Amino acid sequence: MYLAWRTAVSLLIFTSIAAAQSGNDSGHVLTQARALRAEHRPDAAIRVLDEYLTSHPEDANALTVLAQAHLDENDVELAKQLLTKALASSPNSPAANVVFGDLLLEEHRYPEAMDRFETVLGIDLRNPEARRGELTAATDLAVSVRGADRPDAALKVLEHARSALPDDPKLLFELGVEADEVGSWPEARDALESARKLEPDHPDVLYALARLETDEQHLQAAEADFRAYLTKRPNDASAHYGLGYILAMEQRTDEAKAEFERSMQLQPVQTESYYELGQIELDARHDAQAEPLFLKVLARDPKHGGALTGMGILAFRRKDYAQAEQYLAQAEKTAPDYQPAHYYRGLALARLGQKTEADRELQVAAQLDRQQEAPPGAAATTPGASHPSPAPPP
């Protein structure tokens, strides 16, 4: 019995030593193979790993490093086979999933790449390679589908990515901007406020919030965020335009003009700043000052609905009703829902004796006026204008 006990103990010790040696062999082989790859010797790494895998064919880590070595030699198909085998052996292997995800990402197979990264993130949300890969795949896919004129699909991509990566400020920023673009303002606010909590002073987040608040007509908040943004990027012409637009809506005319003028100094092709200045002068009945500003807009954008309407109104005030009607007819073609164009065209047609056409235009104007009585929180519409994008950091 004593002999049997000693035999069992010896067998246990032998088994433990063998297991330890096997582990050490695996670690040693992987270290050696990685060092050879770092030395740009993938062929030597392949030989080391092939020899090791003859006795350890299911080692997912070794299969993954071998796949990377074959990728070094541009043997993509074999690398895919090895990664598939690694994942069959160890479906949750972080290394195999990340390497395969990166490979799929390079091939623009974004949903499949996201599946791989999300497998890792489901186990370890802080894995840096999986976080980077998920963010890249999601944002690139969103750009792709947005470019195919599918903004709703782009939003869904980013919403899905947020479920896997809920605390990434860059992803939250992209989601907020996309939600704002499609008019999903509550979702945009939630995403952008979450991004601000993670990075309170990030200028892109401040700019995106200012844009959203402009859309929502939360003018005080928008002004504060534009000003905070401009403390960080004072030479961004588009932000000066945005701030000027807010100040103009608040009837703070002198301050608005200063911002529009600063915008034009920084970027002389700021078409919308010229338009807004022209509109301020038009509203003040400074017709001589308004006209050259509208003409500058039309020199850059001949189909700018707002500037065409402005020129039509100026002609109407001069009692040049034929020219007014021509400008306003052009404005309607490019901005068919802009109420002032229809209203003033109706007045011009009436002065020209075209009663039927005048009545039709005035009826359209009245209908648009009713439709455009915006509910609280809705954004005003400026014909020909669009959201400016923030300038890159200086």
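In this predicted model, a good place to start is Asp149, which is exposed, with a relative accessible area of 67%, a value that qualifies because exposed means over 50%. Asp149 sits in the loop between helix H7 (128–147) and helix H8 (151–164), and its phi is near 60°, a positive value in a residue other than glycine. Most residues other than glycine have a negative phi.

Another loop can be read alongside this one. Asn74 lies between helix H3 (60–72) and helix H4 (76–89), where its phi, near 65°, is likewise positive although the residue is not glycine. With a relative accessibility of 66%, Asn74 counts as exposed.

These loops belong to a protein chain that contains 20 helices and zero strands. Of its 394 residues, 45% count as buried, while the chain exposes about 20200 Å², of which carbon and sulfur atoms supply 53%. Among the contacts between residues at least 6 apart in sequence, 50% join residues that are at least 24 apart.

From the loops the reader can turn to helix H15, which covers residues 271–283 and reaches 19 Å from its first C-alpha to its last, close to the 18 Å expected for its 13 residues at 1.5 Å a residue. Twelve of these 13 residues are buried, so H15 is largely enclosed by the rest of the structure; the buried residues include Thr271, Tyr274, Leu277 and Ile280. Their cover includes helix H13 (237–249) and helix H14 (253–266), as well as helix H16 (287–300) and helix H17 (305–317). After H15 comes Arg285, whose phi is positive, near 60°.

Notes:
Residues numbered from 1 in each chain as written. Predicted model: local features only at pLDDT ≥ 70, side-chain atom pairs only at ≥ 80, totals over all residues. Heavy atoms only, no water. Helix = DSSP H or I, 4+ residues; strand = E, 2+ residues; numbered from the N terminus. Buried < 20%, exposed > 50% of the residue type's maximum accessible area, 1.4 Å probe, protein only. Contact = heavy atoms within 4.5 Å. Areas by Shrake-Rupley, 256 points an atom, 1.4 Å probe, with all protein chains shown as cover. Expected span 1.5 Å × (residues − 1).
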